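Got your viewer open? Let's take a short walk through this one, one selection at a time.

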Amino acid sequence: MATLVFVGGTGPEGIGLAMRFASVGEEVIIGSRRQDRAENTAREIKEKVPSANVRGLVNEEAVKESNLIFLTLPFEALEPFLKSSADMLSGKIVVDVVNPLKMENKVFITTPPEHGSAGEMIQALAPGSKVVCAFKNESVEDLEKVDKPLDSDVVICGSWDDAKEEVTKLIKKIPNLRPIDAGGLANSRVLEGITAMLLNINRRYKTTTSIKIMGI
Ligand SMILES: NC(=O)c1ccc[n+]([C@@H]2O[C@H](COP(=O)([O-])OP(=O)(O)OC[C@H]3O[C@@H](n4cnc5c(N)ncnc54)[C@H](OP(=O)(O)O)[C@@H]3O)[C@@H](O)[C@H]2O)c1
């Protein structure tokens with residue numbers, strides 16, 4: 001499997017995913033706007049996962065190192081990043097985990113862009129890339145407890161079957177995670193909505209939740 005690059009990998013989502021993949025033997029690169037932050041995060045991951053094959057690079061250098069790029073940036077950072085780096089993503093699989101959300105009157109709601117969803121926006125702004133939405137419904141609290149097995153389905157969607165196949169293989173490497181292909185990229189609108197719903201449930205029941213699809 002290719003090296004996995006996490007653009008904006010110094011935040012909790014990038015760190016959680018990078019630790020999970022590093023712990024099953026995947027080589028990971030943490031991307032950041034700053035080399036020192038990338039290296040510090042790589043060091044932190046190595047402390048928690050001693051077997052990790054991990055290093056840190058600035059985002060633009062990190063992207064050059066692989067054809068499998070996770071965008072683990074906040075939604076607001078996507079457009080500026082894609083405007084400057086879309087060409088570099090051409091021909092690459094881009095895994096989109098981004099949820100455009102905000103809290104309004106104590107309720108999490110989605111704040112979709114005009115494209116419909118973060119996933120559709122990424123595909124529109126980086127048209128040469130192959131966007132696969134995944135892990136949008138995985139709680140970071142669960143991801144970062146790297147010694148505790150995960151137990152959920154990872155619903156993915158996207159318009160590129162070959163890219164979804166690669167991401168499916170990757171998800172299967174993490175024990176107990178089951179990839180479910182929901183179909184085309186427009187499903188990302190639903191996935192992003194489900195995250196808002198799960199966060200509201202988490203708040204109501206003071207826990208962390210994820211999803212499983214019945215009947216498959
Ligand atoms: N938290 C969750 O439970 C969860 C679950 C599923 C999906 N997600 C999604 O995962 C993504 C990342 O979440 P997170 O909580 O890890 O995000 P975050 O901590 O807010 O940001 C991740 C990294 O992005 C970089 N960054 C921040 N602002 C930026 C900007 N304006 N321009 C460029 N880079 C910027 C920072 O890295 P540097 O400063 O090092 O460059 C930061 O460490 C989000 O889109 C979120 O919706 C989160």
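The tour goes from the ligand to the pockets. Keep in mind that this is a predicted model.

**Stop one: the ligand.** Select the ligand and show what surrounds it: 20 residues are around it, and Thr10, Ser32, Arg33, Arg37 and Leu73 come nearest. By type, that shell splits into nine nonpolar, six polar and five charged residues. Helices α1 and α4 each put at least two residues into the shell.

**Stop two: the polar contacts.** Zoom in on the oxygen atoms of the ligand. The side chain of Thr10 has an N or O atom 2.7 Å from a ligand oxygen, and the side chain of Arg37 has one at 2.9 Å. At Gly11, look at the backbone instead: an N or O atom there is 3.3 Å from an oxygen of the ligand. Now try a surface view: on its own the ligand has 890 Å² of accessible area, and the protein covers 73% of that.

**Stop three: the largest pocket.** Which space does the ligand take? It's the largest pocket, with about 550 Å³ of space. Select Glu13, Val97, Asn99, Val140 and Thr195 to find the lining residues nearest its centre, out of 26 in the lining. Then colour α1 (12-23), α4 (75-85), α6 (140-144) and α8 (188-205), which each give two or more residues to that lining. The largest share, four residues, comes from α8.

**Stop four: the second largest pocket.** This one has a volume of about 240 Å³. Its lining includes Gly8, Asn59, Glu60, Pro74 and Phe81, and the elements giving two or more residues are α3 (59-64) and α4. Colour the lining by type to pick out four nonpolar, five polar and three charged residues.

How values were computed. Residues are numbered from 1 along each chain as its sequence is written. This is a predicted model: local features need pLDDT of at least 70, side-chain atom pairs count only at pLDDT 80 or more; totals for chains, interfaces and linings use all residues. Side-chain values use heavy atoms; hydrogens and water are left out. On a 1 Å grid over the protein atoms alone, a cavity is a set of points where a 1.4 Å probe fits but cannot get out, and a pocket is an open set with protein on both sides within 12 Å along at least five of seven lines; lining residues have an atom within 4 Å of a point. Grid points are joined across faces, edges and corners, and a volume is the space filled by probe spheres set on the points. Ala, Val, Leu, Ile, Met, Phe, Trp, Tyr, Cys and Pro count as nonpolar, Asp, Glu, Lys and Arg as charged, and the others, Gly among them, as polar. A residue is near a molecule or strand if one of its heavy atoms lies within 4 Å of it. A polar contact is a pair of N or O atoms within 3.5 Å; within protein, one must be able to donate a hydrogen and the other to accept it, and residues adjacent in sequence count only if both atoms are side-chain atoms. Accessible areas come from the Shrake-Rupley method with a 1.4 Å probe; for residues, only the protein chains shown count as cover. A molecule sits in a cavity or pocket if more than half of its atoms lie within 2 Å of its grid points.
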